[in-house]
Amino acid sequence: MTVSLPSPDHPLKIGTRGSPLALAQAQETRHRLIQAFDLPEEAFRIVVIKVTGDAIQDRPLKEIGGKGLFTREIEEDLLSGKIDIAVHSMKDMPVDQPAGLLLDTYLPREDVRDAFISADKTGIAELDKGAVVGTSSLRRRAQLLNRRPDLQVVEFRGNVQTRLRKLSEGVAECTFLAMAGLNRLEMDEVPKYAIAPDDMLPAIAQGAIGIERRADDTWVATLLEAIHDAPTGRRLAAERAFLARLDGSCETPIAGLAELSGGTLRLRGEVLRPDGSEAIGDDGDAPIEDGAELGREMASKLLDQAGPDFFDWHS
């Protein structure tokens with residue numbers, strides 16, 4: 001079947017947030033499409049869309065509406081036809097999508113680990129008792145307080161550049177970012193130290209880029225098949241199934257990581273109280289094709305283990 005291709009006269013419109021990292025991800029998507037179809041850069045147009053989440057920097061996500069604040073306006077433009085595809089950081093994506101949209105294309109996954117960022121320390125163990133650390137992540141906050149309840153954790157919202165500026169101003173001794181974002185921005189000058197997943201299990205889908213489309217747009221679906229990374233898709237199927245069964249909002253600290261080895265998928269998962277006072281986790285494996293079911297089963301197991309009082313802070 002011959003597929004019509006985008007052209008400078010009829011470019012494929014790629015929707016994205018306007019942060020440097022979001023733009024880097026959109027540019028990577030465009031680059032992969034250019035290579036896949038041997039097209040000029042002008043055949044793809046990056047469209048920057050302002051989202052509510054980027055405009056509010058002084059409050060935690062759970063207080064202002066959750067992960068959807070980074071996707072709502074983009075998805076509205078996708079549904080209306082103003083853009084043809086939307087590029088997202090998968091760790092920011094809710095598990096439920098608006099009717100009429102599909103998220104089924106993933107680029108090869110980057111480094112999944114968290115990065116410890118400090119001017120004069122190389123890891124959490126070097127922090128003095130009572131040290132002030134900055135993070136906007138409910139997961140990282142809970143994990144830090146679970147391991148080091150003596151730490152003082154302050155809110156650190158904003159894009160990569162904003163958080164680094166706050167660190168340089170002495171707001172905190174250290175902060176934490178995703179290694180993937182620092183790598184994609186080629187920020188080699190940042191004093192970063194990767195944290196092993198055994199020490200800090202990453203966010204669900206951390207390091208993965210997802211491409212969203214209209215469910216009935218078969219033309220776009222055919223184009224995206226050329227750049228879809230199947231191993232990443234299999235890993236995220238397990239992780240997002242785990243997330244969906246547990247909660248899926250930004251109100252619960254949840255971590256999870258799926259890894260492939262031969263025909264086997266290993267999944268590690270963790271759920272914590274926001275204050276870090278309790279954490280429960282599990283580690284299991286299954287054939288790759290059963291990854292999503294493994295995610296659901298692991299989540300159910302953790303829910304049973306947690307008991308009804310574990311989530312009493314929700315009420």
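Author: Helices (H or I, at least four residues) and strands (E, at least two) are DSSP runs, numbered from the N terminus. This model is predicted: local features need pLDDT of at least 70, side-chain atom pairs count only at pLDDT 80 or more, and totals for chains, interfaces and linings use all residues. Residues are numbered from 1 along each chain as its sequence is written, and side-chain values use heavy atoms, with hydrogens and water left out.

Reader: In which loop does Asp38 lie?

Author: Asp38 is not a glycine, although its phi is positive, at about 55 degrees. With a relative accessibility of 71%, Asp38 counts as exposed. Exposed means over 50% relative accessible area, buried under 20% and partly exposed in between (1.4 Å probe, protein chains only). The loop that holds Asp38 is the one between α1 (20-37) and β2 (44-48).

Reader: Is Glu186 buried or exposed?

Author: Glu186 lies in the loop between α7 (179-184) and β9. Its phi is positive, about 55 degrees, although Glu186 is not a glycine. The relative accessible area of Glu186 is 63%, so Glu186 is exposed.

Reader: Which strands stand at the edges of the five-stranded sheet?

Author: Two strands pair if DSSP finds at least two bridges between them. The sheet is open, has mixed pairing and runs in the order β7-β6-β8-β5-β9. Two of its strands have a single partner strand each, so one side of each is left without a neighbour in the sheet: these are β7 (152-154) and β9 (192-195).

Reader: What is the average twist from one strand to the next in that sheet?

Author: Angles run from 0 to 180 degrees between N-to-C directions, and axes are lines fitted to C-alpha atoms, for helices over the stretch in contact. For the sheet of five strands, the twist averages 30 degrees.

Reader: How many bridges pair β5 with β8?

Author: Strand β8 (residues 174-178) also runs parallel to strand β6 (residues 132-134), joined to it by two bridges. One of the partners in β8 is Thr175, opposite Gly134, and Cys174 is the partner of Val133. On the β5 side, Ala115 has Leu177 as its bridge partner. The pairing of β5 and β8 is antiparallel, and its bridges number four.

Reader: How many of the five residues of β8 are buried?

Author: In a regular strand the side chains alternate between the two faces of the sheet. In β8, Cys174, Phe176 and Ala178 point one way, and Thr175 and Leu177 the other way. The strand is largely enclosed by the rest of the structure, because the number of its residues that are buried is five of the five.

Reader: At what angle does helix α6 run to β8?

Author: Contact means heavy atoms within 4.5 Å. Helix α5 (residues 138-147) lies across β5 (114-117), β6, β7 and β8, and runs at about 130 degrees to β8. Helix α6 (residues 160-168) lies across β5 and β8, and its angle to β8 is about 165 degrees.

Reader: What kind of aromatic pair do Phe116 and Phe176 form?

Author: Ring pairs (Phe, Tyr and the six-membered ring of Trp) need centres within 6.5 Å; planes under 30 degrees apart count as stacked, over 60 as edge-to-face and the rest as tilted. The count by this rule is one aromatic pair. Phe116 lies in β5 and Phe176 in β8, so the pair ties together parts that are 60 residues apart in sequence. The ring centres are 5.6 Å apart and the planes are at 70 degrees, so the pair is edge-to-face.

Reader: Which strands stand at the edges of the three-stranded sheet?

Author: This open sheet has the order β11-β12-β13 with antiparallel pairing. Each edge strand has a single partner, so one side of each is left without a neighbour in the sheet; the two are β11 (254-261) and β13.

Reader: Which residue in β12 stands opposite Leu257?

Author: β11 and strand β12 (residues 264-272) run antiparallel, and eight bridges join them. Opposite Leu257 in β12 stands Arg268.

Reader: How far apart are the axes of helices α9 and α10?

Author: Two packed helices are described by the angle between their axes and the distance between the axes. Helix α9 (residues 230-246) and helix α10 (residues 291-306) pack at about 35 degrees, and the distance between their axes is 7 Å.

Reader: What distance separates the C-alpha atoms of Asp285 and Glu259?

Author: Asp285 lies in strand β13 (residues 279-287). Its relative accessible area is 56%, so Asp285 is exposed. Asp285 and Glu259 are 26 residues apart along the chain, and their C-alpha atoms are separated by 9.3 Å.
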